[in-house]
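Here is a short note for a colleague who is new to this model. Please keep the structure open while reading.

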Amino acid sequence: MSFPALWLSRNEEEKEQHLELLERDVSDLMEGDTIVKVAYSTLNYKDALALTGKAPVVRKWPMIPGIDFAGVVESCESDALKPGDEVVLNGWGCGEVHFGGYAGKARTPAKWLVKLPKNIDAKTAMEIGTAGYTAMLCVLALEEQGVRAGDGEVLVTGASGGVGGVSIALLSKLGYKIVASTGRMEESDYLKSLGADEVLDRNTLSEKGKPLAKERWAGVIDSVGSHTLANALAQTRYGGAVAACGLAQGMDLPASVAPFILRGVRLIGVDSVMASPELRAKAWSRLAKDLDMKKLASMTQTATLKDLESLAKNLLAGKVRGRVLVEVGA
Ligand code: NDP
């Protein structure tokens, strides 16, 4: 039985990419011991880069994009999973070098798949998506560094985006005092409804600043990079920690060592793609416990595979709020 798949190909001479919705068959899929009937995927920042060709995310052509998916196991050659298991996949090179989630079926190694916790179904898993799972990894990183609710304000940058929104919802449930930085001050009410105590104009962080500034943050979750991350470091309190996961402003880090050597500030890198199976399982079980699903619903819009090309452009232009759930079967 065939299934729909977004198919991204490239004209090798002109390096122009071409996106079309085709029918594919299981025999077209890449290697792996497990076949999953994909129910949902999402549109993450990296997917938008791949779909628009704005960055070299895709490194094998042609590609089925989509860095994550959730669905039901159809068959598994090992004992790791059984037909009917609900699973989620984030990263591992899917949508980059291995066919990803924008197709009715996916074939991957079983060890890439995480069995979903009881109160997270496939739909909720993709409302959370890689953005939300990465937000959880950032919260876990701050916790590991000893940043506790009650220690002081935690800054969340890129607040109206996917990582930012889920970070705020998680930190709020855990009792942290949150300051949300955004370029969309008109979204202040939305950010407060997710749990932000204060909303800051991102312009106060995005320009070149001093190596050290007035100490303010007990912790930071940054999905923006560049001057914003440099300023966040310069404003972090003695012994505080900064979890860095993104580059929405830029990949550069025009900072000095001053916050590290004078204030003992810790900069923690967060990667979701190659995270260990143990860390993934921990993150998903914490999401099941610590994410307010009503807040998640308020930050999510729904799309189909046909909508993704134009939505990707809007996302990179900073015009998409929160999360995009993709109904793959629709
Ligand atoms: P979104 O597009 O949903 O959110 C990004 C947000 O960043 C925007 O909504 C906007 O928030 C802010 N932003 C955009 N452009 C700029 C700019 N020029 N200067 C300052 N802020 C800007 O993306 P995601 O939340 O899905 O991802 C955020 C980042 O995290 C991306 O760089 C992504 O690649 C990275 N990421 C990394 C992962 C990892 O494993 N390390 C996994 C997942 C994501 P606002 O309008 O509120 O200012």
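The points below go from the ligand to its pocket and then to two spots in the backbone.

1. Status of the model. This is a predicted model. Please read each point with that in mind.

2. The ligand's neighbours. There are 24 residues around the ligand. Those that come nearest are Val 163, Thr 182, Gly 183, Arg 202 and Ser 272. Start with these five residues when looking at the site.

3. Make-up of the shell. Sorted by class, the residues around the ligand are ten nonpolar, eleven polar and three charged. Two helices deserve a look here: α2, residues 122-144, and α3, residues 162-173. Each of them gives at least two residues to the shell.

4. Polar contacts. Which side chains have an N or O atom 2.8 Å from an oxygen atom of the ligand? Arg 184 is one of them. Arg 202 is another, also at 2.8 Å. Arg 202 is also listed among the residues that come nearest to the ligand. The backbone takes part as well: a polar backbone atom of Gly 161 lies 3.3 Å from a ligand oxygen.

5. Cover. How much of the ligand's accessible area does the protein cover? On its own, the ligand has 920 Å² of accessible area, and the protein covers 88% of this.

6. The pocket. The ligand takes up the space of the largest pocket. That pocket holds about 1300 Å³ of space. Its lining counts 47 residues. Tyr 45, Ser 223, Gly 246, Leu 247 and Ala 248 are the lining residues nearest the pocket's centre.

7. What builds the lining. Five elements each give two or more residues to the lining: α1 (45-52), α2, α3, β9 (177-182) and α10 (308-316). Of these, α2 and α3 also supply the shell around the ligand. By class, the lining has 21 nonpolar, 20 polar and six charged residues.

8. A cis peptide bond. Please check the bond from Trp 61 to Pro 62. This peptide bond is cis, and its omega is near -15°. Pro 62 sits in the loop that runs between α1 and β4, the strand at 68-76. The helix α1 also gives residues to the pocket lining.

9. A positive phi. Which residue has a positive phi although it is not a glycine? Trp 92 does, with a phi of about 60°. Trp 92 belongs to the loop between β5 (86-90) and β6 (105-108).

Note on methods
Residues numbered from 1 in each chain as written. Predicted model: local features only at pLDDT ≥ 70, side-chain atom pairs only at ≥ 80, totals over all residues. Heavy atoms only, no water. Near = heavy atom within 4 Å. Polar contact = N/O pair within 3.5 Å; in protein donor to acceptor, adjacent residues only side chain to side chain. Areas by Shrake-Rupley, 256 points an atom, 1.4 Å probe, with all protein chains shown as cover. 1 Å grid on protein atoms, 1.4 Å probe; cavity = no way out; pocket = protein on both sides within 12 Å on 5 of 7 lines; lining within 4 Å. Sits in = over half its atoms within 2 Å of the grid points. Helix = DSSP H or I, 4+ residues; strand = E, 2+ residues; numbered from the N terminus. Nonpolar A, V, L, I, M, F, W, Y, C, P; charged D, E, K, R; others polar. Points joined across faces, edges and corners; volume = space filled by probe spheres on them.
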